[in-house]
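Welcome! Here are some short exercises for getting to know a new structure, each with a worked solution. Try each task yourself before reading on.

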Amino acid sequence: MDVWAGGRRLTCRDNAAYVPTLVHHMRSAAELVRQRKVPPSPFPWRSPAEVFRLLNANDSELRQRFWLLRHWDEVLDNVETYAWLDDRLVIACRIRQPIRTDVFVARVTPGEFVATVEEALGLLAR
């Protein structure tokens with residue numbers, strides 16, 4: 001399965017996963033977004049790239065609140081992501097391997113995220 005965000009393919013290193021586990025985590029993420037249980041930006045006065053860097057440097061439980069895609073690690077094991085919900089769902093990413101990238105950002109409405117994940121879940125169920 002390939003995952004794209006911000007116009008970039010995140011699964012550039014590995015796109016294989018144990019489907020039942022990945023489906024569970026995808027459903028969980030979609031449900032959190034649907035219910036608006038994703039926290040807002042912890043630093044709303046900062047750019048998404050700065051928020052990413054601040055969260056990534058923080059070893060406390062704070063950054064764990066923004067790990068919406070954390071458990072998709074079978075296919076995103078080479079990617080660091082943090083997500084928060086303002087007027088849109090903001091997903092800030094950095095690919096670690098094969099070449100470390102700058103932070104890039106995807107912004108989608110919660111409805112777009114949920115619909116996209118549900119469409120992918122339907123394809124995985126086939």
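**Exercise 1. Find how S4 and S5 pair, and name the partner of Val90 in S5.**

Keep in mind that this is a predicted model.

Step 1. Strands S4 and S5 run in the antiparallel sense and pair over five bridges.

Step 2. Go to Val90 and look across to S5: the bridge partner there is Arg107.

**Exercise 2. Work out how S3 and S4 pair and how they are joined.**

Step 1. S3 and S4 also pair in the antiparallel sense, here over seven bridges.

Step 2. To see one bridge, start at Ala83 and cross to S4, where the partner is Ile91.

Step 3. Follow the chain from S3 to S4: a hairpin of three residues joins them.

**Exercise 3. Sort the residues of S4 by the way they point, and decide whether they are buried or exposed.**

Step 1. Recall a rule: in a regular strand the side chains alternate between the two faces of the sheet.

Step 2. Now sort. Leu89, Ile91, Cys93 and Ile95 point one way from S4, while Val90, Ala92 and Arg94 point the other way.

Step 3. Check the burial on both sides: seven of the seven residues of S4 are buried.

**Exercise 4. Describe the largest nonpolar core and the elements that build it.**

Step 1. This core has 28 residues, and those that touch the most other members are Leu10, Leu68, Trp72, Leu76, Leu89, Ile91 and Phe113.

Step 2. List the elements that each supply at least two residues: helices H1 (19-34), H3 (73-76) and H4 (110-125), and strands S3 (79-85), S4 (89-95) and S5 (104-108).

Step 3. H1 gives the largest share, six residues.

Step 4. Apart from this core lies another one, of 10 residues, including Phe43, Tyr82, Ala92 and Val103.

Step 5. Return to Leu89 and look at what surrounds it. Leaving out residues up to four places away in sequence, Leu89 touches Val33, Val38, Leu68, Ala83, Trp84, Ala106, Arg107, Val108, Pro110 and Phe113.

**Exercise 5. Locate the buried residues of H2 and say what covers them.**

Step 1. The buried residues of H2 are Pro48, Val51, Phe52 and Leu55.

Step 2. These residues cover an arc of only 100° around the axis, so they lie on the same side of H2.

Step 3. Among the elements that cover them are S3, S4 and S5.

**Exercise 6. Find the aromatic pairs and describe their geometry.**

Step 1. To describe a pair of aromatic rings, use the distance of the centres and the angle of the planes.

Step 2. Searching the whole structure gives two aromatic pairs.

Step 3. In the pair of Phe43 and Trp45, the ring centres are 5.9 Å apart and the planes stand at 85°, so this pair is edge-to-face. Trp45 is exposed, with a relative accessible area of 62%.

Step 4. The pair of Phe52 and Tyr82 is edge-to-face too, with 5.1 Å from centre to centre and 75° between the planes. This pair links distant parts of the chain, since Phe52 is in helix H2 and Tyr82 is in strand S3, 30 residues apart. Both Phe52 and Tyr82 are buried.

**Exercise 7. Place two loop residues, Leu69 and Arg36, and decide whether each is buried or exposed.**

Step 1. Leu69 sits in the loop between H2 and H3. Its relative accessibility is 6%, so Leu69 counts as buried.

Step 2. Look for the contacts of Leu69 beyond four places in sequence: Leu76, Thr81, Ile91 and Phe113. Thr81 is 12 residues away along the chain, and its C-alpha atom is 6.7 Å from that of Leu69.

Step 3. Arg36 lies in the loop between H1 and helix H2 (48-57). With 52% relative accessibility, Arg36 counts as exposed. Its phi is near 60°, a positive value in a residue other than glycine.

**Exercise 8. Step back and describe the protein chain as a whole.**

Step 1. The protein chain has four helices and five strands, in the order β-β-α-α-α-β-β-β-α along the sequence.

Step 2. Its radius of gyration is 14 Å, close to the 14 Å that the globule rule gives for 126 residues, so the protein chain is as compact as a globular protein of that length.

Step 3. Of the 126 residues, 40% count as buried.

Notes:
Residues numbered from 1 in each chain as written. Predicted model: local features only at pLDDT ≥ 70, side-chain atom pairs only at ≥ 80, totals over all residues. Heavy atoms only, no water. Core = buried A, V, L, I, M, F, W, Y, C linked by side-chain atoms within 4.5 Å. Buried < 20%, exposed > 50% of the residue type's maximum accessible area, 1.4 Å probe, protein only. Contact = heavy atoms within 4.5 Å. Pairing = 2+ DSSP bridges. Arc of directions from axis to C-beta. Phe/Tyr/Trp six-rings, centres within 6.5 Å; stacked < 30°, edge-to-face > 60°. Rg over C-alpha atoms; globule rule 2.2 N^0.38 Å.
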